[in-house]
Amino acid sequence: MLKQPPKQQPQQPPFSLNKANYYTNDADWHYQSATQFKGFMACEAAELAQLKGEWEPQRDPTALLVGNYLHSYFESPAAHQEFIDEHQEIMATTGKNRGQPKAPYQQADKMIEALASDETFNRLYQGEKEAIVTGTIGGVEWMGKLDCLADNHKYFVDLKTTQDIYKKYWVPDNSAYGSFIEAYRYPLQMAVYQELIRQQYGANASPLIVAVSKQDPPDKAIVSIPQELLDYWLHRIEDEQPRIEAVKNGEIEPKRCGRCEYCRATKKLTGITDLYALEVG
Ligand SMILES: [Zn+2]
């Protein structure tokens, strides 16, 4: 008797990364990224729970929107208009700003103006905007999205908003105080972008961070990163990645940092800590 042919599993179409799906959970499962990697370095349990859709951090939606509002302006006039049209909550419907952008967006407009009116910035910020780059680091597929990649591929620019460019932060990586750039591990992100550009275009591009502060009036600076620091981060990623991938693939249990929002939300008391065993700092 003829056997029924085995039922074909419906073929999953290969994942094709683009601007519409870049910030999705699907993309995060297919690719590693600087944001995801930094998340795993900070707390494996929290990052994995987020990837699995089991938990969402409570973010200040305005802070995120303000950043996107500024980025969309420098992407293109059409992208900025589309962003405003899609986010009616930007406009005040009551109070003294009625019919105008709410206060945080008026502040963002000042930050935009501080850059848009600057000749050096305008000369610098020329090239492909929101350029997606992909490549392989330590055998793992990575993705990155560049704010602006110069047409000659000699440099790329990342816009960063911050409270105060000169504010002092504790940088655990250095066990010392440093700038917001080190505190947020932006050199890791820039090292990844530089490597992905090298793989995709065969060019050695230098990262430039254009920092703009939320002060009134806003401060601004163009910041470079020493190549040895970029090299350090690429090596550190290669060192730490096998464990992170094993956690992501469910091969080993994620470690809990014990202190973050996720760990606090899911904490159970299991004993008593001696006063001098409380790790402060
Ligand atoms: Zn944690």
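Helix H3 spans residues 44-51 and is mostly covered, with eight of its eight residues buried (under 20% relative accessible area, exposed being over 50% and partly exposed in between, for a 1.4 Å probe and protein chains only). Helices here are DSSP runs of H or I, at least four residues in length, numbered from the N terminus. This is a predicted model, where local features need pLDDT of at least 70, side-chain atom pairs count only at pLDDT 80 or more, and totals for chains, interfaces and linings use all residues. Residues are numbered from 1 along each chain as its sequence is written, and side-chain values use heavy atoms, with hydrogens and water left out.

The buried set in H3 includes Glu 44, Glu 47 and Gln 50 alongside Leu 48 and Leu 51. The cover over these residues includes helices H1 (25-30), H2 (34-42), H10 (227-248) and H11 (261-265). After H3 comes Gly 53, with a positive phi near 75 degrees.

Turning to the metal, the zinc ion takes its protein donors (N, O and S atoms within 2.8 Å of the metal, or 3.2 Å for Na, K and Ca; water is not among the atoms, so sites may look incomplete) from the SG atoms of Cys 43, Cys 257, Cys 260 and Cys 263, at 2.3 to 2.4 Å. The site is tetrahedral, its four donor atoms making angles of 105 to 114 degrees (for four donors, all angles must lie between 85 and 135 degrees). Along the sequence, the donor spacing reads C-x213-C-x2-C-x2-C. Cys 263 is buried at 0% relative accessible area, whereas Cys 257 is partly exposed at 34%.

Definitions and conventions. Helix = DSSP H or I, 4+ residues; strand = E, 2+ residues; numbered from the N terminus. Contact = heavy atoms within 4.5 Å. Tetrahedral: all angles 85-135°; square planar, octahedral: opposite > 155°, others 65-115°.
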